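Let's take a guided walk through a protein model, one spot at a time. Keep the 3D view open and follow along.

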Amino acid sequence: MAENLAREKVSSLLPRIFESLDAQFDWKKIDLYHEFLIRENEKGGFFSKNDSALILDRHIIDCLVFVFKLKESGFVSRETNLADVGTGPGLPGFLFLCLKESPKLTLIDSQKRKLFLLEEEVRKGNLSGANDRISFEYMRAEEEKRKFDLVTSRAVVPYPFMVEVVSNLVKKGGYFCPFLGQRNFDEKIETKVLKYSGFRIKKEIELTELEFVGKRHIKILQKDSEPITGYPRLWKDISKESKEGNG
């Protein structure tokens, strides 16, 4: 694969913010990660056949902008203790590690098939020294006992119910920042879930730069208090209500 492929593609797709992106990211690490996703895609089942030829455009660059916006807005620094939930092969989580000033990163997924391949790649030293600020956890979010400054997730559980799922992972005063697409959720249900989970909306970031892949936005949710008694619930109960709430 050509060196600086990601940098060149980003330059052509995102000319307005490219200079800022260029200053923040390690392009060699991104290219190595791209190579890994292509090479292991069939074995890991990362992406569908329709998406396999568009990994850079629809997944890496997509997540790159998400990471950049959180960094630019001051929610991510080298001191941030960050967890990415339901990360699969490391999306969007691994892109935080591609920042020149990367946070301390934990990747969490209950299914080992995808994430373990990334862990092996990191342990072999094939991702340009990525192993000194990253850890891997194979468990459900509700099983993790640690609390983090910032938690991210990319459409693992329908929003807003994903807020309940991660509520105990975020320390008080910390943030949950889901990466979302279309606004197809019920705002009344959102208000209800945020209230019993202890969160409030601090900010929303529209990712107009990503219109070439569809609507994208970020919710910046700050944790003001612990969830009320009885929450978060068992996964089977959350799953049932999320399906009802989303038709």
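## Starting at Phe179

Our tour begins in strand 5, which covers residues 170-180 and is the place of Phe179. This is a predicted model, so keep in mind that everything here is computed. Is Phe179 buried or exposed? Its relative accessible area is 3%, and because the cut-off for buried is under 20%, Phe179 counts as buried.

So who keeps Phe179 company? Setting aside residues up to four places away in sequence, Phe179 touches Asp62, Cys63, Phe66, Ser153, Arg154, Ala155, Leu207, Leu210, Arg216 and His217. You can also look at the backbone: the C-alpha atoms of Phe179 and Val67 are 9.7 Å apart, although their positions lie 112 residues apart along the chain.

## Arg154 and its crowd

One of the residues touching Phe179 is Arg154, so let's hop over there. Arg154 sits in the loop between strand 4 and helix 7, a helix that spans 161-166. With a relative accessible area of 22%, Arg154 is partly exposed.

Which residues does Arg154 touch, not counting those up to four places away in sequence? They are Arg58, His59, Asp62, Cys63, Leu91, Pro92 and Phe179. With His59 there is something extra to spot: the side chains of Arg154 and His59 are joined by a polar contact of 3.2 Å.

## A listed binding site

Arg154 also turns up in a database record. The unreviewed UniProt entry lists Gly86, Leu91, Ala141, Glu142 and Arg154 under "binding site". From this set, Gly86, Leu91, Ala141, Glu142 and Arg154 are part of the lining of the largest pocket in the model.

Let's check on Glu142 from that list. You'll find Glu142 in the loop that runs between strand 3 (134-137) and strand 4 (148-153). Its relative accessibility is 34%, so Glu142 counts as partly exposed. Apart from its neighbours within four places in sequence, Glu142 is in contact with Val165 and Trp235.

## Two cis peptide bonds

Now for some backbone spotting. Leu91 and Pro92 are joined by a cis peptide bond, with omega at about 0°. Pro92 belongs to the loop between strand 1 and helix 5, and that helix covers 93-97.

Where is Pro160? Look in the loop between strand 4 and helix 7. A cis peptide bond links Tyr159 to Pro160 too, and here omega is about 10°.

## Helices that cross

Next, find helix 1 (residues 5-13) and helix 4 (residues 55-72). They pack with their axes 11 Å apart, at an angle of about 80°. That angle makes helix 1 roughly perpendicular to helix 4. On the helix 1 side, the contact is made by Leu5, Ala6, Lys9, Val10 and Leu13, and on the helix 4 side by Leu56, Asp57, Ile61 and Leu64.

## Two serines

Ser73 is in the loop between helix 4 and strand 1, a strand that runs over 81-85. It counts as partly exposed, at 26% relative accessibility. The side chain of Ser73 reaches the backbone oxygen of Lys69 at 2.8 Å. Leaving out neighbours within four places in sequence, Ser73 is in contact with Lys203 and Ile205. Ser73 and Ile205 are 132 residues apart along the chain, yet their C-alpha atoms are separated by 9.4 Å.

Now look at Ser197, which is found in helix 8 (residues 187-197). Ser197 is buried, with a relative accessible area of 1%. A polar atom of the Ser197 side chain lies 2.9 Å from the backbone oxygen of Val193. Not counting residues up to four places away in sequence, Ser197 touches Val163, Glu164, Ser167, Ser225, Glu226 and Pro227.

## Last stop: Glu241

Our final residue, Glu241, lies in helix 9, which is made of residues 235-245. What does Glu241 touch, not counting residues up to four places away in sequence? The answer is Phe161, Lys192 and Arg233. Glu241 and Phe161 are 80 residues apart along the chain, and their C-alpha atoms are separated by 8.5 Å.

Definitions and conventions. Residues are numbered from 1 along each chain as its sequence is written. This is a predicted model: local features need pLDDT of at least 70, side-chain atom pairs count only at pLDDT 80 or more; totals for chains, interfaces and linings use all residues. Side-chain values use heavy atoms; hydrogens and water are left out. UniProt positions are given in the numbering used here, feature names are shortened, and annotations may be inferred rather than shown by experiment. On a 1 Å grid over the protein atoms alone, a cavity is a set of points where a 1.4 Å probe fits but cannot get out, and a pocket is an open set with protein on both sides within 12 Å along at least five of seven lines; lining residues have an atom within 4 Å of a point. Helices (H or I, at least four residues) and strands (E, at least two) are DSSP runs, numbered from the N terminus. Buried means under 20% relative accessible area, exposed over 50%, partly exposed in between (1.4 Å probe, protein chains only). Contact means heavy atoms within 4.5 Å. A polar contact is a pair of N or O atoms within 3.5 Å; within protein, one must be able to donate a hydrogen and the other to accept it, and residues adjacent in sequence count only if both atoms are side-chain atoms. Axes are lines fitted to C-alpha atoms, for helices over the stretch in contact, and angles run from 0 to 180 degrees between N-to-C directions. Angles under 35 degrees count as roughly parallel, over 145 as roughly antiparallel, 65 to 115 as roughly perpendicular and the rest as oblique.
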